[in-house]
Number of protein chains: 2
Amino acid sequence: MENGTDSRSKRKRVKEVSNPNGELSFEQYLKSNVQEVEQALPGYVPANWDIPSSLRESFLYSLMAGGKRLRPILVLAAAESVGGQAETALPAACAIEMIHTYSLVHDDLPAMDNDDFRRGKPTNHKLYGEAMAILAGDALLTHAFYTVVQASRKHGASAEAVLTVVEELAQYAGLSGMVGGQAADMLGEQGQTTLEQLQYIHEHKTGDLIVASLRAGGHIAGANAEQIEALTTFGRKIGMAFQIQDDVLDVEGEQAMIGKPVGSDEKSGKVTFPYFMGMDASKREIEQLTCEAKEALTAGSIPYPERLLQLADYLMKRNH
Amino acid sequence: MENGTDSRSKRKRVKEVSNPNGELSFEQYLKSNVQEVEQALPGYVPANWDIPSSLRESFLYSLMAGGKRLRPILVLAAAESVGGQAETALPAACAIEMIHTYSLVHDDLPAMDNDDFRRGKPTNHKLYGEAMAILAGDALLTHAFYTVVQASRKHGASAEAVLTVVEELAQYAGLSGMVGGQAADMLGEQGQTTLEQLQYIHEHKTGDLIVASLRAGGHIAGANAEQIEALTTFGRKIGMAFQIQDDVLDVEGEQAMIGKPVGSDEKSGKVTFPYFMGMDASKREIEQLTCEAKEALTAGSIPYPERLLQLADYLMKRNH
């Protein structure tokens, strides 16, 4: 997941961070969590379900297409940060990755962003057709709610905690959350977008599912209200930093590293943070938000914040 | 909801059915339940949520566009059939109507059935554009899971029962359920459909959400395993009868009464039950299935089956 000198310098820095949760370096931790999530994901589709083969293929094609697996890792790290077991949070982690994947499949559709490639591979509708891509997205969203319930069915999480996660996932992914952000993004392309609208779009289209990930991990692990609040602030700050970083990378990046044409947002008429604030101010904003995010976790309520702190730094320094 | 002589003869028949649940005639019962559901539906969108106005309009346009409200009424009647309160089941009823509505919005899209009208009104994408219709469908599906949780939050249903409803809704509406049925339907249009494939399509595209409705009402009302089994058999049978009836009405119906061009299925290359079995055998099958459905409820496990029995007859006799 990392390249060249940037990776080496980060590895050195990571080693200086104390790690009471285990022996793994941060890079090893990331890698082992990505593996755990990717091994678990297809297993949440019960083997005895009778599914049309094209739908199954289309569903799994996008779900297993790689990516940083950031949201599920945040779920697992949030659960561990308050003393919970990552294993219990694994269904919620995989559920949120399904929701994230459905949003990408639908966003790529011709009627939306009309993208032919994602992460260097053909988008779902290019391979399976528009109808099947719409249905695969619908199935991914639906199956997320089946999957999160398995935290209770298979790992003994309390029904009350899982119900809270269901309610919050539906809120943060829905009308006033991720779907609301995507709708605002679509509407914004039809006219002049203000900085205020851009903030609404970033907060909801990207930020809300990141916040939901941290809260879900917390709820499953039995976090108290103060801990949920700290995780929420952390998620809100890194979510906004993450999106500004995406904008910056789109301006600066190289096509091969992010898998879509550089400057494609600008071409499509999308406005970005650097458009309003300039590149330097955007980068300072990313650092400031990351700093504030980390402060929320080190104020005292979170007993094991290390992995989340490392994740915040990792996201700030990423180049894709 | 009814017209002319058919309505009058039915009203007479309904009066002969004893009704221990209340004083309302069946027509009054239907009407009052439709009103209750339609009054409740918009209330499940919290007033303080910040939602882009076009998305809110598109969401509510399809949700409040009328229709029989069959599935929510089945939820309420199933709850009452095992001695539960309809009020406790209302969130689940409204949630299932949201899932049904999302499926119609997405099915009507140009990439799917490409329908311009539904129930005599422009389809969602004709009014709001394809992107917003995709998002409104996504939001309806997502919000269904927010809504069903309110059975626990606002009406005291047990978290365990609501979690079971979440799990089953996701199963019956998802990969091997309604979405699977729609995928098989789309794939079927690309070639020769067999009777076996048609049965898979009907069972999943239409039948599964009807079964889920009955089971949801039962679970919320604390039904035991034998009662859930009886409600499931009833739902499976009336679901199949309902879809064969739809096929028959499409062949026989008049454009004004069903709101889409008569024979539109045949024109689009869709095969139907009458295509395979002929009209007379299809009608006999509807009666046979309805009879078997009613038997499942009168075998002894369901204490108050009357409304469901009346609903089965009403569906068999409907002309739209």
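Q: How many residue pairs are in polar contact across the interface of chain B and chain A?
A: This is a predicted model, where local features need pLDDT of at least 70, side-chain atom pairs count only at pLDDT 80 or more, and totals for chains, interfaces and linings use all residues. Residues are numbered from 1 along each chain as its sequence is written, chains are lettered from A in the order in which they are written, and side-chain values use heavy atoms, leaving out hydrogens and water. A polar contact is a pair of N or O atoms within 3.5 Å; within protein, one must be able to donate a hydrogen and the other to accept it, and residues adjacent in sequence count only if both atoms are side-chain atoms. Across the interface of chain B and chain A, with both residues at pLDDT 80 or more, the number of such pairs is 12.

Q: Which residue of chain A meets R153(B) in a salt bridge?
A: A salt bridge puts a side-chain nitrogen of Lys or Arg within 4 Å of a carboxyl oxygen of Asp or Glu. The rule finds 4 of them across this interface. In one, at 2.9 Å from N to O, the side chain of R153(B) meets that of E167(A).

Q: How are the two copies related?
A: Superposing chain B on chain A (by least squares on the C-alpha atoms of residues with pLDDT of at least 70 in both) takes a rotation of 180 degrees with 0.0 Å of shift along its axis, and the RMSD is 0.0 Å. The copies are therefore related as by a two-fold rotation axis.
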